[in-house]
Amino acid sequence: MTDGGAFMKHRLFLFAVSLLMTCAFIAGCSSSTANSGGTHSDAALSKTVTIRMLDAGQGDAILIDTGAEVVLIDTSDVDERKLFMGALEKAGIDKVDKLILTHAHADHIGGAEPLMKKYQVGAIYDNGIASTSKLFTGYRKMAKEKGIPVTALKAGDRLDLGNGVSFRVLGPSADRVRAENQRVKKNSKDDAPSPNNDSIVGMLQCGDFRMLFTGDAEAVMEKEYVAEYGDELSADVLKSPHHGSKTSSCSEFLKTVSPAYVVISLGEGNDYGHPHKEPLKRYAKLGAEVLETDINGTITITTDGRDYQIEGER
Ligand SMILES: [Zn+2]
C-alpha cells in the first residue's frame, strides 16, 4: 500500500460465506458442499494466496504463490530478460514448482531458459503444439537436459496447486492441438498459423476468488469459449487477453466474464500501441477497474479465498 498506489479491496459474497460457515459449524462439518453460483468453492484457504503480474516489459509473466507451491505463468520476452529475472529476484522466490507456458511466442517463453538456469523448476506445462522456433526448441532441450518433465495441457485438465487452489484448463481442446500439429508438420518451416489462439486458457480458483488467464487468445477464440463454457467463465479478475490488443476482449466475452478488475501486462511505449483504446473503452463500459504494469508496475493480488485485495506498486 504505497503512497499513491492503487489500493482496492473487495468483499466477496461475505454474507453468503458467513452463512455457509455458520451452517457448516452447526452441522459439525469442517467444510461445506453448498456454494454460491454453482461454480464457487466455499472452503476458506488455510494460507493466503499471492498473485503477482510482474512488471517485466512487453510480455506476460505472472507469479502465483499458493502458500504450498510457486507457479509461474509465462516468462516475458527475450529482450525483457533482465527485467523479468529482476522481478523474480525482487519477489524472493527460490524455486518454481510449476511453469505454465501458454503458447510458443517469444513474449511468453523468452525467459524460460534463464529461469531454468537460475531456479529449480519442478515441472513445465505447455500447449503441446510444436514450433520450429529456436526459443521453443531451446527450452525443450534444456528441460530434457535438466530432467524437467514437460506435459501438454488441454481442455478438461485440472492442476492442483496446493492449499485448495486449482487451475482448470479451458483450452486449447485436444482436437485443436491435433489439427495445429498437423499443420505445423505439413509446413515445418512455418510456425502454427494462429499461435495466439492456441494459448492455454484457464481459471484459477482460490476458494471463492476466481481469476481467468487467457494468454493471447483473440476474439474468435473468446467467442468459442463463451459458447462452450458460458457463465463458467465468470471471474473476479481477468488477465487482459493479448496485452490489451483490439483483436481481443470482445464485448460478448467481457460481459460473460464480467470481471471487477482487468489487469494488463505490457511494456511502456511498446511498438504495438498496447493497450489499444477500443478494449479500454469496453472495460470502462463494463465498469471494470483496469490496472496496467506499464503504469502501475507489478500488480499484486492477495486472497484468503473469501476477500481479495489488488494493488499496483505505483
Ligand atoms: Zn503476447
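This report covers the overall fold, the zinc site and two single residues of a predicted model.

**The chain as a whole**

The secondary structure comes to ten helices and 16 strands. The chain has 314 residues, and 55% of them count as buried. Contacts often span long stretches of sequence: among those between residues at least 6 apart, 69% join residues at least 24 apart. The accessible surface is about 13,900 Å². Carbon and sulfur atoms account for 51% of that surface.

**The zinc site**

The zinc ion has protein donors from Asp107, His108, Asp216 and His243. Their distances from the ion run from 2.0 to 2.1 Å. Both aspartates donate through OD, and both histidines through NE2. Along the chain the donors follow the spacing D-H-x107-D-x26-H. Asp107 and His108 are both buried.

The arrangement around the zinc ion is irregular, because the four donor atoms subtend angles of 87 to 144 degrees. A tetrahedral label would need all angles to lie between 85 and 135 degrees. The upper end of the range, 144 degrees, is what breaks that condition. For four tetrahedral donors the ideal angle is 109.5 degrees.

**Asp60, in contact with zinc donors**

Asp60 lies in the loop between β2 (49-53) and β3 (62-65). Its relative accessible area is 1%, so Asp60 counts as buried. The side chain of Asp60 makes a polar contact with the side chain of Lys239, at 2.7 Å. Leaving aside residues up to four places away in sequence, Asp60 touches Asp107, His108 and His243, among others. These three also appear among the zinc donors. Further contacts of Asp60 include Ile73, Asp74, Thr75, Ser76, Gly215 and Ser265.

**Ala152, on a strand**

Ala152 sits in strand β7, which covers residues 150-152. Ala152 counts as partly exposed because its relative accessibility is 41%; the buried class would require under 20%. Beyond residues up to four places away in sequence, Ala152 touches Asp126, Asn127, Gly128 and Asp157. Ile124 is 28 residues from Ala152 along the chain, and their C-alpha atoms are separated by 8.6 Å.

**The two residues side by side**

| Residue | Place | Relative accessibility | Class |
|---|---|---|---|
| Asp60 | loop between β2 (49-53) and β3 (62-65) | 1% | buried |
| Ala152 | strand β7 (residues 150-152) | 41% | partly exposed |

Terms used: Residues are numbered from 1 along each chain as its sequence is written. This is a predicted model: local features need pLDDT of at least 70, side-chain atom pairs count only at pLDDT 80 or more; totals for chains, interfaces and linings use all residues. Side-chain values use heavy atoms; hydrogens and water are left out. Helices (H or I, at least four residues) and strands (E, at least two) are DSSP runs, numbered from the N terminus. Buried means under 20% relative accessible area, exposed over 50%, partly exposed in between (1.4 Å probe, protein chains only). Contact means heavy atoms within 4.5 Å. Donors are N, O and S atoms within 2.8 Å of the metal (3.2 Å for Na, K and Ca); water is not among the atoms, so sites may look incomplete. Four donors count as tetrahedral if all angles lie between 85 and 135 degrees; four count as square planar and six as octahedral if opposite donors are over 155 degrees apart and all others between 65 and 115; anything else is irregular. A polar contact is a pair of N or O atoms within 3.5 Å; within protein, one must be able to donate a hydrogen and the other to accept it, and residues adjacent in sequence count only if both atoms are side-chain atoms. Accessible areas come from the Shrake-Rupley method with a 1.4 Å probe; for residues, only the protein chains shown count as cover.
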